Amino acid sequence: MAKETHEFQAETKQLLDLMVHSIYTNQEIFLRELISNASDAIDKAHFESLTDRAILEGDEDFEIFLVPDKESHTLTISDNGIGMTKDEVIENIGTIAKSGTRAFLEKLKEAKEDGGAISDKDMIGQFGVGFYSAFMVSEKVVILSRKAGETEAVRWESDGSGTFTIEPGEKENRGTTITLYLAKEFYGSEAGTDFCDQYTLQRLIKKYSDYVRYPIRMNFETEELPRDKDGKVIEGAKPEKKVELKTLNSMQPLWTRDKKDITSEEYNEFYKNQFHEWEDPMDVFHTKAEGTVEYTALMYIPGSAPFNLYHQDFEPGLQLYSRHVFIMEKCKDLLPDYLRFVKGLVDSPDLSLNISRELLQQSRELKVIGKNLEKNILKTLAKAMKDDREHYEKFWDAFGKSLKIGIYGSIYGGNDTKDKLKDLILFKTSKEKKLVSLKEYVERMPLSQKKIYYATGKDEAIIDALPQMELLREKGIEVLYLTDTVDEFTIESLHEYDSKHFQSISRGDLDLGDAESEQEKKETEKVAKESGDLLKDIKETLGDKVAEVKLSNRLKTSAVCLVADEQGPSLSMEQTFAEMDGPNMFKAKRILELNPHHDLFQRLTKLHEAGKDGQDFKDYCDLLYTQALLIEGILPENPVDFANKVAKLMAEANPAQ
Ligand code: ADP
């Protein structure tokens, strides 16, 4: 066979051109691609040897070997895999057959047909393009290959500019040797990344190919100072070069091992190494599936929530592997956002290495895997809640907020998230100050109670002190304590649980449902009728500050409270909105409620009788309103005015009486 020159297939040329001339942001991945090819080739040799042992020619020590050569600026990657015949080299290396590459070129064509300028930089970075990626870092590539079981070897050479040559070659052992003549940006101390540097190679193999099943070996050069017989460094002696054969990869991916053989230390160590964590994880999920889509997942719930979990700069996502070869660091499309805290990886032979992020998003396999993982995690959490409550509450303390945000977020994305999560949420309540699920709350509700009551406040003590709590406490009605800003939004998004509506103790009608309350309601209505003018005039005095003034059914010893109506946002929601968007975005409809049984009410009636335009009546109205604001934790618009009015009142009061 003489030396032949071939043209690359048109599309290949196009691709090579892009490879050579584009600024690929992540050139180092060429190593991953070539090692992955080498590993596949060994897989094939191994597979064939099962039926035809002779093809191994006695060489059963499978390996991938790297030789960086600083003199000739080359990097050689050899494998003793299946190798290629001449025809196979032409077929495999000269044409584009793989789906990922084809999809890439189709996109390219589409973009061209649309007349749009294509940004090579944007597009090419999204694709892994196998062997051709070698041209990103090389000005010339030589392949020397001998097919297992054949005697003739073949030598292929190309500078990536449109043609390649092919000729017979000499090769003692089977397999493929790829020699990259590195472009000058990629070797020597001036290089951004020096691919002749043994430490760089070691790092890249660890990063991308640590779990390749075959050893990736390299002769590692070190310098050592000579020592005498006693092991002491000989003074003045020159360092000696030492060469040590090193295996750069660990080969055994933890997740491929049998669950029952893995200790929790091993799981924890792997977690800390792999995800750069310091603390042991709270939980480990290790699952294998062999259905329509085959995969292994190893996921962790971290020991505590990262400080930036809810910040924009937090990047959720699981690592992706295909046949133990690393594809992607943070695949966001696997788990729903409410599980953003989960760390881990998925390894599936059904995912292609050469897949873009866009294609990945549409990947059916990925969807199936994601759904299963979500189900799996939710099932485990539900089980923990039932069987190991203490552990679940620890989880809840760290990550409960994520689930609550998930429910709130579901108002944009359908109901199924709500259904999935509603039984996993916990709140403290007025009964025991212990965390209670909605199910537990509903199960112990008295028959007469129709609604699930909740109160909002910065902490439990503040809620306990709310005047609105008094009546419910007296009647022994359990109230959920919503102390996190997201809580009320979550509850409002749920709307109901087990057909029972949620009712804020600070909004609308409490609707307690018992006979005694009904009776009290009637009496209050009667007093309200008699005091109609008083209520009207208080409203008039306060103007726009309140939407309504009415007599309260919810107060016992307190004189006054502020509530919001049923429809609009609550007062605490108003505060949250104000913190986010600045004031006046969403205003609660404020209703001032007065306790008709309080002495102050009698006093107010008297002042009113003396004249609704009297300064005292006006000051009283204002002070009542401001008190109600303060109880809700809202600062009055004019604190000085409030203080002055109180001071005046105190000065006028006669303590001796
Ligand atoms: P992919 O690896 O995705 O198939 P590549 O462009 O990387 O795409 O490689 C094309 C083909 O060339 C491979 O499918 C394989 O048949 C062959 N090939 C590449 N590298 C080797 C190798 N080291 N040994 C044997 N065959 C190889």
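## Exercises on strands, a loop and two cores

In β5, tryptophan 156 is the bridge partner of isoleucine 143. The model is predicted.

**Exercise 1.** Work out how β4 and β5 are joined, and find the glycine with a positive phi in their hairpin.

*Solution.* Start with the strands. β4 covers residues 138-146 and β5 covers residues 153-158. They run antiparallel, joined by six bridges. Next, take the hairpin. Six residues lie between the strands. Glycine 149 has a positive phi near 90 degrees there.

**Exercise 2.** Follow β5 to β6 and describe their pairing.

*Solution.* β6 spans residues 163-169. It pairs with β5 in the antiparallel sense, over six bridges. One bridge links serine 158 to phenylalanine 164 in β6. The hairpin has four residues between the strands. Its glycine 160 takes a positive phi near 80 degrees.

**Exercise 3.** Place aspartate 52 and decide whether it is buried, partly exposed or exposed.

*Solution.* Aspartate 52 sits in the loop between α2 (29-49) and β2 (64-69). Its relative accessible area is 36%. Buried means under 20% and exposed means over 50%, so aspartate 52 is partly exposed. Now look along the chain. Glycine 149 is 97 residues away, yet the two C-alpha atoms are separated by 9.5 Å.

**Exercise 4.** Describe the largest nonpolar core, then find a second one.

*Solution.* The largest core has 70 residues. Tyr392 is among those with the most contacts inside it. Helix α9 (residues 364-387) gives the most, with eight residues. Domain 2 (254-387) and domain 3 (425-514) each supply at least three. A second, separate core has 54 residues, including Ile35 and Phe195.

How values were computed
Residues numbered from 1 in each chain as written. Predicted model: local features only at pLDDT ≥ 70, side-chain atom pairs only at ≥ 80, totals over all residues. Heavy atoms only, no water. Buried < 20%, exposed > 50% of the residue type's maximum accessible area, 1.4 Å probe, protein only. Core = buried A, V, L, I, M, F, W, Y, C linked by side-chain atoms within 4.5 Å. Domains from an automatic or database assignment. Pairing = 2+ DSSP bridges.
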